[in-house]
Amino acid sequence: MRFSVACGVSIFAALSALGQSPREPIALSGLVSSTDPLHHHDLQFDARFAEFGADYLESGDRRAIPALAGLPASRHLLAHARQFNYDVPKNSSRALVDELMDRSTGRLAAMRAAIAYFRGPLLDDPHWINDALAYLPADFRFQGTLFLISGYDIGVALSPDASLNAAHRHFEGRPRELLYYAVHELHHVGLMAYAPPPRIDDLKTCADVLHMVEYSTALEGTAVLAGLARRARDGALADDDDYAALGDAARMQRNEARYLREFDSLRRRGIEPADEAALAVLERMSSGERLWYRVGARMAERIEREQGRPALIALITEKPGTLVSTYRNIVRR
Ligand SMILES: [Zn+2]
């Protein structure tokens with residue numbers, strides 16, 4: 001039987017009807033002293049989607065679905081799915097939540113472990129946020145939420161918010177990966193505040209697709225770089241394929257050559273229509289050897305080394321589309 005939440009009944013009332021107590025978002029400003037620079041960020045940590053989702057997987061009580069759909073996390077995921085044209089229901093939060101709960105089936109224990117890490121060690125000392133801020137302009141302030149959700153990608157960002165997928169296998173048995181991915185996604189939030197992402201639906205020509213490649217290379221490459229120092233200190237480079245690849249010089253040389261081949265063939269096509277072959281470049285750049293993550297990090301790292309971090313930050317926030325040409329000018333390739 002399908003229950004629905006009566007009009008005017010709050011999410012919390014509906015969820016306490018299920019025997020659960022409200023779990024409030026946690027504000028960063030309350031986790032640090034008033035003299036800490038982090039105190040001036042308006043950043044919330046909200047695990048309710050994962051928590052209520054886990055409760056639903058345990059109970060099977062369908063009243064949880066509309067309640068989940070009413071959470072701010074669902075608004076964030078629906079907006080992300082529409083912006084990046086994800087293969088999920090995009091007509092309503094409710095249809096999206098139904099799909100995400102389907103995808104989370106069988107992941108209950110992993111979700112509970114991720115929730116415990118998110119509410120515990122991740123927030124016990126939130127100074128890891130400075131890793132993301134170190135690659136953003138000094139005047140940047142967070143004004144959004146990091147959600148813990150389930151069933152959607154691994155982690156995504158759409159300024160001013162970001163989310164991590166508690167049900168993703170990458171985090172299973174390695175909860176600290178949630179912290180590294182939080183750095184990555186929060187860096188995206190910052191960069192997008194200065195340079196909004198192009199929309200997939202607006203890609204009409206090969207030049208538009210090339211611009212998307214340039215933007216994504218700056219976005220992903222710098223976010224990977226922002227996570228590098230702490231992973232290296234923690235001995236956690238091998239726990240993520242992107243960082244394992246970055247440590248393999250020969251593999252990265254091959255990756256860079258492949259990246260530049262793809263880049264140049266797209267550039268040669270100029271104002272030709274963005275056909276299937278052109279759009280397939282996006283797929284090859286973001287999966288497999290994940291060229292715009294890995295080659296992007298290599299480019300960003302080299303620019304930082306040659307020109308300094310302030311120059312890299314100015315470049316990615318003001319003209320992310322020039323990261324590739326700046327790198328090529330340095331290495332003359
Ligand atoms: Zn990313």
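**An open five-stranded sheet and the helices packed on it**

In this predicted model, an open sheet of 5 strands shows mixed pairing and the order 1-2-3-5-4. Two strands pair if DSSP finds at least two bridges between them, and helices (H or I, at least four residues) and strands (E, at least two) are DSSP runs numbered from the N terminus. Strand 1 (26-27) and strand 4 (155-158) sit at the edges with a single partner strand each, so one side of each has no neighbour in the sheet. Strand 4 runs antiparallel to strand 5 (residues 161-165), and 4 bridges join the two. Gly 155, for instance, has Leu 164 in strand 5 as its bridge partner.

Helix 2 packs on this sheet, touching strand 2 (42-46) and strand 3 (143-149), and its direction makes about 25° with that of strand 3. Contact here means C-beta atoms, placed from the backbone, within 7 Å. Axes are lines fitted to C-alpha atoms, for helices over the stretch in contact, with angles from 0 to 180 degrees between N-to-C directions. Helix 9 (residues 177-194) lies across strand 3, strand 4 and strand 5, at about 155° to strand 5.

Helix 2 (residues 48-59) also packs with helix 6 (residues 108-119), at an angle of about 155° and with the axes 10 Å apart. The two helices are therefore roughly antiparallel (angles over 145 degrees). On the helix 2 side, Ala 50, Glu 51, Gly 53, Ala 54, Leu 57 and Glu 58 take part, meeting Leu 108, Met 111, Arg 112, Ala 114 and Ile 115 of helix 6. These contact residues split into 7 nonpolar, 1 polar and 3 charged; Ala, Val, Leu, Ile, Met, Phe, Trp, Tyr, Cys and Pro count as nonpolar, Asp, Glu, Lys and Arg as charged, and the others, Gly among them, as polar.

Two single residues round off the picture. Ala 297 lies in helix 15 (residues 291-307) and counts as buried, with 26 C-beta neighbours inside 10 Å. His 127, in the loop between helix 7 (121-124) and helix 8 (129-133), counts as exposed because it has 11 such neighbours. The cut-offs are 20 or more other C-beta atoms within 10 Å for buried and 12 or fewer for exposed. Leaving out residues up to four places away in sequence, Ala 297 touches Gly 221, Val 224, Leu 225 and Leu 246.

Residues are numbered from 1 along each chain as its sequence is written. As the model is a predicted one, local features need pLDDT of at least 70 and side-chain atom pairs count only at pLDDT 80 or more, while totals for chains, interfaces and linings use all residues.

Definitions and conventions:
Angles under 35 degrees count as roughly parallel, over 145 as roughly antiparallel, 65 to 115 as roughly perpendicular and the rest as oblique. Two residues are in contact if their C-beta atoms, placed from the backbone, lie within 7 Å.
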